[in-house]
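Visitor: Please take a close look at one part of this model: the packing of its helices.

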Amino acid sequence: MNDMCIVQAPHPIGGLPAEEVRAKADKVFPEIVSVAEHWTPKARSSNAALRKPYPATRLTVKGGEDEVAAYLLGRKWTDGLPVVPPTPARVEVMLKGTSLSPDTVIGEVPPRNGVLTVELAAVYSVMAGCKPEYLPVVIAACQALLDPMHEFREATTTTNQCGMLILVSGPIVKELGIRTGSGLFGPEPGNTANATIGRAVNMIMDILGGSTPAPAGKDGSQFGLPGSYTMCAGEDADLNPWGRTIAVQQGFTNDDNIVTVFETRSYINLNLHHNNNAEDLLHSMALTMAMMILPLTMRTTEEALLAVPDSFREGSYALGAGKLRTIFVIILPAAIRPGAAPKNLQVAFVHERTPETSTWTSQHEFGRSQLDQVFPGQVKTKAYYNAVSGENADELVEQAIAEGADIVFTTSPKLVGASLRAALKHPDIRILNCSVDMPYTGIRTYYTRVYEAKFI
């Protein structure tokens, strides 16, 4: 790991009154001054200075494979489960699965900044039980995770329980036997590709990257996530009724082999016993997704939903709207603003950065574009970029409200101050701030990465 000087302030910081934050900062400030004056990097041995990521260090362990597995486990070089010992012969066979040179550097894996080479990707793939033909998928997933736009360091050090979902698209799904349907996340004999590809990637991130639980590691998640062992799925293009797979949506074709990665907490199980036809099933699924996707529903209660006049629903259906559109455009707005007649919603997104410089912003923008596409003429959205707290954030929020926004999403915790000030001035405007803070009197908060459901 790069030699760095770190001063740690007591957690938490977010959501506290300014005076409490200032008190915590004052408490650690003497230490900051001290290290600024006296800290120096640790001296490195000549061997460490000369060590390069390739070739990987070879170790000799006395005994058989059981002793090797025990040695790796004792050094915390596994995920806690039994592994296949990565002998030079096995690694050589694994490397035949790719045309890349073994010394090719894929990237530095945070937070420990271990240097990942193709050779090391093959080592961990052997340990995870992969076949050589799986190696290109493992490498592609690592390249995606380590892309600077992905901001993987945040996901791997947060106190939130995040797992890496690896979604494979294209002909390679069938070629490798990556499972796409029933039981794809379960312990099935036919799930070899799903289980081992996801496991190899997570071992690389956890062991080489050092994202292991505290106090030894930097992973701050409270209880962890079972999906952190492995979470890999294939996209079934044949069963996609819309014709626009994730590959197509990202500018590729269905003949291209691509790997998409993103953080996820867990999946929501729909345990439906009373839906006897396709429409009822879709209705229940849509309602569940609506509650997941729209953080503004935190402000609604069952009583508020039931208080929406039946005439609103009946009028919506008479105009040809389906149940999903009625929920989004009629019922929820009326429940949020009791007594107000439903109207076309104007929704503003105020971002700290641009989609080109932040995946967080680009993910919000993807959701915003979906609103525009699904509800044309009924929901109007607009984005505002480069909002800086203490500079122009208040002005941009005020501009959004002046331009007719009924709901304003401020998509960074740093914008909570501007959100609160705007809420005090405009009590009829619904303002939601993206942070882990508890809701305030005038605004609601949300903090989730929820992605459009796909056929997998």
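Guide: The crossing of α16 and α17 is right-handed (the near helix is turned clockwise from the far one by less than a right angle). This is a predicted model, in which local features need pLDDT of at least 70 and side-chain atom pairs count only at pLDDT 80 or more, while totals for chains, interfaces and linings use all residues. Residues are numbered from 1 along each chain as its sequence is written, and side-chain values use heavy atoms, with hydrogens and water left out.

Helix α16 covers residues 393-402 and helix α17 residues 416-425; their axes (lines fitted to C-alpha atoms over the stretch in contact) are 9 Å apart and make an angle of about 40°. That makes α16 oblique to α17 (neither under 35 degrees, nor over 145, nor from 65 to 115). On the α16 side, A393, D394, V397, E398 and I401 meet A418, R421, A422 and K425 of α17, contact meaning heavy atoms within 4.5 Å. By class, five of these residues are nonpolar, four are charged and none is polar.

Other helices pack on an open sheet of three strands, ordered β4-β3-β5 with mixed pairing (two strands pair if DSSP finds at least two bridges between them). β4 (232-234) and β5 (258-264) are the edge strands, each with a single partner, so one side of each has no neighbour in the sheet. Strand β3 (residues 163-169) runs antiparallel to β5, joined by seven bridges. Helix α6 (residues 135-146) touches β3 and β5, at about 55° to the direction of β5. Helix α9 (residues 192-208) lies across β3 and β4, at about 135° to β4.

Notes
Axes fitted to C-alpha atoms, helices over the stretch in contact; angles between N-to-C directions. Helix = DSSP H or I, 4+ residues; strand = E, 2+ residues; numbered from the N terminus. Nonpolar A, V, L, I, M, F, W, Y, C, P; charged D, E, K, R; others polar.
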